[in-house]
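Welcome! Let's take a friendly walk through a protein structure, a few residues at a time. Keep the view open beside you as you read.

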Amino acid sequence: MRPAPRNTTSLLVDNIGELVTNDGRGGDPLGVRRDAAVLIEDGQVAWVGPARYAPAADRRIDAGGAAVLPGFVDSHAHLVFAGDRAAEFAARMAGEPYTGGGIRTTVGATRAASDDDLRATVSRLRAEMLRQGTTTVEIKSGYGLSVADEARSLRIAAEFSEDTTFLGAHVVPAEYADRPDDYVGLVCGPMLAAAAPHARWIDVFCERGAFDVDHARAILACGQAVGLGVRVHANQLGPGPGVRLAVELGAASVDHCTHLSDADVDALASHRIDCMCPDGEHTTTVATLLPGAEFSTRSPYPDARRLLDAGVTVALATDCNPGSSYTSSMPFCVALAVREMRMTPAEAVWAATAGGAAALRRTDVGRLTPGARADLMILDAPTHLHLAYRPGVPLIRQVLHNGVPR
């Protein structure tokens with residue numbers, strides 16, 4: 001029986017060969033439906049079902065038997081910056097190790113840039129992402145590292161995303177190199193006060209050469225005290241306490257997770273919950289993996305298989321930034337995750353959509369079920385498998401964001 005048409009402007013996407021819903025029905029995390037259709041009303045998914053039962057709509061998009069997926073959710077990106085570090089990349093490819101020290105180069109360029117220049121960079125990268133299927137992106141500060149520059153970075157980021165992250169604790173800037181305690185005081189005091197009105201999250205790079213665990217804990221606690229959610233950069237350059245700190249503080253996500261001990265994996269697994277339904281709340285700490293960074297730094301890839309087999313919730317993100325991962329392509333990261341991190345194509349697609357939503361504690365994106373935001377992509381391919389099967393090929397035929405073709 002067909003559902004009755006509704007009195008509102010509507011759009012029907014039908015003749016879908018394979019529809020990835022991420023509804024988890026029947027034990028299939030992707031919730032794949034064949035020969036399907038999606039009805040969109042007022043920017044939301046209103047109905048999903050067999051194409052033969054699709055309701056009438058004001059407009060129609062014929063998917064031509066192709067695959068339709070939720071828009072990618074990129075939960076870790078650094079888009080507010082100036083300049084580039086192509087020479088640094090070339091040096092790494094010639095054998096120099098990555099240490100994270102180049103961040104200060106970008107800080108200098110960002111501080112010298114105008115608001116319009118920074119805004120133009122964010123706009124360009126956001127458009128690149130949208131063309132490649134990313135409909136939701138988290139945007140961090142972290143290349144200003146002064147009160148005024150961190151605040152303006154977040155103001156600009158908020159023009160492009162509702163998920164903005166204060167990363168004043170990216171590295172200690174040069175002028176505080178001999179006074180890290182003083183810089184932590186600045187981050188926890190005037191900088192946080194200026195940044196918090198424009199941020200949803202707070203993040204710290206808890207790593208050798210950046211912030212130790214005591215400084216990281218103090219900064220994150222200050223952010224929590226003013227209502228910001230917690231995210232943590234951890235265990236990228238080597239083993240360390242960052243993953244367990246993230247779990248201790250109930251962080252939504254701990255990102256990189258390249259060098260993990262058994263205790264780290266156990267901590268993440270023990271705090272996992274199975275509530276991934278639309279009406280549930282994600283209280284687990286998600287392990288967000290960033291394979292673009294390993295690709296661009298010639299570093300070991302995270303062992304996603306180890307995390308998944310332990311029951312840890314895994315997300316994929318680009319880590320788009322000018323130094324260690326200058327890619328805006330989630331399809332590229334999906335292909336890397338399958339080839340280099342031992343994920344199945346289905347696991348990688350879930351991690352890049354529903355996993356990213358879990359890392360942002362969002363239930364309105366990363367899925368195509370009634371009530372979700374109508375963010376989707378139509379592939380030039382019959383199934384989601386082609387995202388990893390055909391790496392480097394522009395397979396995104398069309399993107400809908402908030403139900404609007406882009």
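## Meet Asn321

If we skip the neighbours within four places in sequence, Asn321 is in contact with His78, Tyr143 and Tyr326. Keep in mind as you look at these contacts that the model is predicted.

Where along the chain is Asn321? You will find Asn321 in the loop between strand E14 (314–316) and helix H11 (330–340). Is Asn321 buried or exposed? Its relative accessibility is 4%, and buried means under 20%, so Asn321 counts as buried.

## A site from the UniProt record

Asn321 also appears in a database record: the UniProt annotation "binding site", from an unreviewed entry, covers Tyr143, Asn321 and Gly323. These residues span 181 residues in sequence, yet no two of their C-alpha atoms are more than 11.4 Å apart, so they gather at one spot. From this set, Tyr143 and Asn321 belong to the lining of the largest cavity.

## Another annotated set

UniProt, again in an unreviewed entry, lists His76, His78, His233 and Asp319 for "binding site". Why can we say that they gather at one spot? They span 244 residues in sequence, but no two of their C-alpha atoms are more than 12.3 Å apart, so the set comes together in space. The lining of the largest cavity takes in His76, His78, His233 and Asp319.

## A closer look at His76

Now let's pick out His76, one of the residues in that UniProt list. His76 sits in the loop between strand E6 (72–74) and helix H1 (86–93). With a relative accessible area of 0%, His76 is buried.

Which residues does His76 touch, leaving aside its neighbours within four places in sequence? The contacts are Glu138, Lys140, His233, Asp255, His256, Leu290, Ala317, Thr318, Asp319 and Cys320. Two names here, His233 and Asp319, are also in the UniProt list with His76.

## Two helices side by side

Finally, turn to helix H5 (residues 180–195) and helix H6 (residues 213–225), which pack at an angle of about 10 degrees with their axes 10 Å apart. Angles under 35 degrees count as roughly parallel, and H5 and H6 are therefore roughly parallel to each other.

On the H5 side, the contact is made by Pro180, Asp181, Val184, Val187, Cys188 and Leu192. H6 contributes His215, Ala218, Ile219, Cys222 and Gly223. What kinds of residues meet in the contact of H5 with H6? Eight are nonpolar, two are polar and one is charged.

Technical notes. Residues numbered from 1 in each chain as written. Predicted model: local features only at pLDDT ≥ 70, side-chain atom pairs only at ≥ 80, totals over all residues. Heavy atoms only, no water. Axes fitted to C-alpha atoms, helices over the stretch in contact; angles between N-to-C directions. Helix = DSSP H or I, 4+ residues; strand = E, 2+ residues; numbered from the N terminus. Parallel < 35°, antiparallel > 145°, perpendicular 65-115°, else oblique. Contact = heavy atoms within 4.5 Å. Nonpolar A, V, L, I, M, F, W, Y, C, P; charged D, E, K, R; others polar. UniProt positions renumbered as here; feature names shortened; annotations may be inferred. 1 Å grid on protein atoms, 1.4 Å probe; cavity = no way out; pocket = protein on both sides within 12 Å on 5 of 7 lines; lining within 4 Å. Buried < 20%, exposed > 50% of the residue type's maximum accessible area, 1.4 Å probe, protein only.
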